[in-house]
Amino acid sequence: MKKILISIFVLMLTLLSGCRFTTGGAENDRRFIVAAVGFESDGALITVYAETIIINSETPENEPAPKLLKGSGATINEAFEEIEASLARPLMLEHCGVIAVGGGVTASWFDRICDYCLDDRRITLSSYMISCDSPEALLSETPESSVAAGYDIMGIIEQRSSSTGIFYDSRFFEIEGLREKGRSVFTLPFFALTGDGITLDGLSIYRDDRLTGRLSTDDAVLYSLMTGNFDRGTVRIGTDEYRIRLRSAEYDYTDSGENRLYLKLRLTGDSLDDTVCERLEQELDRLESRLRLTSGTDVVGFTDILSERHTDFDEKHGRDAAEFYKSSDFTVECLISGGI
Amino acid sequence: MRAEKISPKHLAALAAVFILGDSVIVLPPPDSGKFVFWGFLLSIAAAAAVFFAAVPVSSLIAGAETAGAVRRAVCVPLLAAAAFYSFYGAGLALKRYMGFVDRVLLPDTQRFFIAFIFIFLAAVLASRRKDVISKLSLIFIVISAITVVLFFALSVKDFRRENIAVYRLPEFSELIGEAIPCFFTVSLPAALIPVYTSLLYGETKKGASFAGLSAGLALVGLCLVECLLLFGAPLSANLDFPLASAVSTVTVGPLFTRMDGLVYCLFFGTALIKTSFCMKLCFYALSHLKNALRRNRGEQKK
């Protein structure tokens with residue numbers, strides 16, 4: 001009796017879907033691995049770009065080459081279906097390393113892109129989200145050091161993060177985590193095509209899922225100091241460079257009489273002294289003023305952070321945080337902290 | 001006939017894997033808020049309370065068959081409740097694991113075949129000698145503990161302290177709201193552990209069972225904290241299978257970029273052992289219940 005049961009069990013195992021005995025399968029053994037996905041929109045339609053590495057085991061002597069596939073539709077699913085309609089095998093999104101968001105993507109489409117990436121379990125949550133003017137141009141670029149532009153971009157972000165000290169925090173789960181927490185402001189690394197090829201050229205600021213502004217590389221460092229997303233790196237003030245480590249960033253406010261936002265940064269660094277701190281405070285103040293003037297709203301996320309950390313702020317100004325910000329002055333203080 | 005004995009380490013391992021069960025698949029629970037960790041801490045305390053409350057009850061029902069009429073009258077509904085709840089536990093573990101398999105592991109496969117294979121395996125395990133499931137648990141708890149601790153250590157570089165930072169304490173109503181789903185997932189099942197040992201081995205073995213319960217809760221807690229530190233409470237609540245998603249973000253060098261398979265084995269093992277545990281307990285509870293009712297009828301005829 002036992003042998004019969006075991007035999008039935010072994011037979012059942014062969015019915016698992018992992019064994020697909022499709023005819024001609026050995027003759028057409030191509031794999032379409034997606035290294036990066038790009039999204040661009042004109043408002044009504046979404047265009048999806050898939051940088052695909054075609055691996056063909058029939059001709060292993062040929063180097064796998066990236067190819068950019070494109071599809072458009074009224075929904076993201078439709079766009080992907082258009083791409084897959086011309087392929088003999090489904091796309092393998094499991095190794096997608098980059099999600100590139102074009103400059104034309106509206107807030108509504110950004111939300112739908114995030115929902116799609118969250119619901120589609122093939123796209124790993126640790127894919128990097130980036131911003132660019134044109135995903136088509138960026139992902140068509142010939143890769144310099146890896147098999148696909150998407151993997152080059154991953155390498156650039158990781159390398160630049162350690163050299164600049166900026167926590168880009170732009171992996172999909174990090175961005176989605178901020179959005180789910182109710183944060184209205186987040187940043188994506190901005191990539192551009194220059195004479196040197198694919199270049200990390202600063203940060204794109206998003207507020208309520210809408211692209212609000214861009215920061216140069218130097219401003220991105222200052223911005224990261226303000227948001228606390230900085231570890232240790234080089235800060236340029238004028239023509240001078242200082243090696244700085246951010247120990248902590250404290251956020252506070254007053255609303256008795258005059259509304260004021262306070263930012264206190266505790267820093268360490270070999271060449272750090274009171275003069276440098278004063279210059280840094282001026283640069284940070286200048287940046288904040290410029291961002292306030294150009295965007296007209298809080299694009300640093302001060303009110304989000306205050307709502308999170310100060311219950312009384314949330315109770316008093318949670319609903320009119322934007323108005324509070326517009327009517328408040330900004331004060332930043334850089335203090336030299338002990339330690340290395 | 002001498003009562004079978006179970007070694008303390010086997011019992012502790014069994015209790016730990018049972019608590020891991022389907023909790024690691026679903027925690028943090030959906031729709032949980034930012035105080036879910038506090039709710040989980042409260043549910044740990046509740047698990048201990050439920051466990052110790054169940055110890056005297058399990059001693060009571062273990063001797064139901066040979067007890068007097070009054071004690072039997074008390075034990076019959078308790079045995080029925082134990083049988084029902086363990087059957088429910090088996091079904092829930094099966095349902096959660098099948099949900100995971102259907103949506104993540106083998107989305108293109110017919111559910112029936114997967115469920116059949118799983119139930120068949122669980123039934124075979126439950127029908128074997130009592131020590132088979134406990135010996136399997138001993139092997140599996142070592143693998144589970146290594147897997148959980150390893151993934152926690154590999155995820156540390158991506159942790160964000162602000163995801164678990166406390167800026168205000170939760171209000172009582174918020175705390176209870178967060179604790180309730182955790183209570184039903186990890187605390188209430190703790191009551192079945194002393195019932196299992198009483199019905200199968202005739203003694204509760206509080207020490208080993210509690211050690212296993214504590215180890216299981218610690219591992220579940222580690223999984224929960226990993227998800228919260230990586231994703232934050234709101235995103236964790238939005239994910240269908242938070243630990244599976246957390247593990248998918250772990251990379252080791254350029255080669256090991258998708259290590260999800262290891263946690264899939266963890267889910268399979270814990271769900272299988274919990275289902276078998278519950279099936280075995282249900283069988284024994286029904287068997288004791290049947291004998292108690294037969295004795296009741298016999299005494300009534302006299």
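Colleague: Let's start with helix 1 of chain B: which residue follows it, the one whose phi is positive?
Modeller: Bear in mind that this is a predicted model. Helix 1 of chain B runs over residues 8-20. What comes after it has a positive phi, near 25 degrees, and that is Gly21(B).

Colleague: How does the reach of helix 1 of chain B sit against what is expected at 1.5 Å a residue?
Modeller: The helix has 13 residues. From its first C-alpha to its last it reaches 18 Å, and that is close to the expected value, which is 18 Å.

Colleague: How many of the 13 residues in helix 1 of chain B are buried?
Modeller: Buried here means under 20% relative accessible area. Among the residues that pass are His10(B), Leu11(B), Phe18(B) and Ile19(B). The helix is mostly covered, and the count of buried residues is eleven.

Colleague: And which helices of chain B do those buried residues of helix 1 pack against?
Modeller: The buried set includes Ala12(B), Leu14(B) and Val17(B). The partners of the buried residues are, in chain B, helix 2 (23-26), helix 6 (130-155), helix 7 (172-187), helix 8 (192-201), helix 9 and helix 11 (260-301).

Colleague: On to the interface. How much area do chain B and chain A bury between them?
Modeller: The contact takes 31 residues from chain B and 27 residues from chain A. Carbon and sulfur atoms carry 60% of the buried area. The total comes to about 2600 Å².

Colleague: How many salt bridges are there between chain B and chain A?
Modeller: Over all chains the structure holds 31 salt bridges. One that joins the two chains is Arg160(B) with Asp169(A), where the closest N and O atoms are 2.6 Å apart. Between chain B and chain A the count is three.

Colleague: Which helix of chain B gives the most to the side that touches chain A?
Modeller: Across this interface there are six residue pairs in polar contact, with both residues at pLDDT 80 or more. On the chain B side, helix 4 (69-105), helix 5 (111-127), helix 9 (206-238) and helix 10 (242-248) each supply at least two residues. The one that gives the most, with six residues, is helix 5.

Colleague: How many residues on the side of chain B that touches chain A are nonpolar?
Modeller: That side divides into three groups. Seven residues are polar and nine are charged. The nonpolar ones number 15.

Colleague: Which residues of chain B are in the salt-bridge network with Asp169(A), Arg171(A) and Glu174(A)?
Modeller: We've already met one link, Arg160(B) to Asp169(A) at 2.6 Å. The network takes in the three chain A residues you list, and from chain B it has Lys157(B), Asp158(B) and Arg160(B).

Colleague: Now chain A. Why are Glu176(A) and Arg179(A) about one helical turn apart?
Modeller: The two form a salt bridge, with the closest N and O atoms 2.8 Å apart. Glu176(A) is buried, and so is Arg179(A). An α-helix has 3.6 residues a turn, so residues three or four places apart point the same way. This pair is separated by about one turn because both residues lie in helix 6 (residues 172-181) of chain A, and their spacing there is three residues.

Colleague: How far apart in sequence are the parts that Arg260(A) and Asp329(A) tie together?
Modeller: Their salt bridge has its closest N and O atoms 3.5 Å apart. Arg260(A) is in strand 12 (residues 260-268) and Asp329(A) in strand 13 (residues 329-336) of chain A, so the parts tied together are separated in sequence by 69 residues.

Colleague: Is Arg260(A) buried or exposed?
Modeller: Its partner Asp329(A) is partly exposed, with a relative accessible area of 34%. Arg260(A) has 19% relative accessibility. The cut-off is under 20%, so Arg260(A) counts as buried.

Colleague: Last one: which side chain does the side chain of His317(A) make a polar contact with?
Modeller: His317(A) lies in helix 10 (residues 311-317) of chain A and is buried, with a relative accessible area of 11%. Leaving aside neighbours within four places in sequence, His317(A) is in contact with Tyr253(A), Asp255(A) and Phe324(A). The polar contact, at 2.8 Å, is with the side chain of Asp255(A).

Technical notes:
Residues numbered from 1 in each chain as written. Chains lettered and ligands numbered in written order. Predicted model: local features only at pLDDT ≥ 70, side-chain atom pairs only at ≥ 80, totals over all residues. Heavy atoms only, no water. Helix = DSSP H or I, 4+ residues; strand = E, 2+ residues; numbered from the N terminus. Buried < 20%, exposed > 50% of the residue type's maximum accessible area, 1.4 Å probe, protein only. Polar contact = N/O pair within 3.5 Å; in protein donor to acceptor, adjacent residues only side chain to side chain. Contact = heavy atoms within 4.5 Å. Salt bridge = Lys/Arg side-chain N within 4 Å of Asp/Glu carboxyl O. Buried area = accessible area lost by both parts, 1.4 Å probe. Nonpolar A, V, L, I, M, F, W, Y, C, P; charged D, E, K, R; others polar. Expected span 1.5 Å × (residues − 1).
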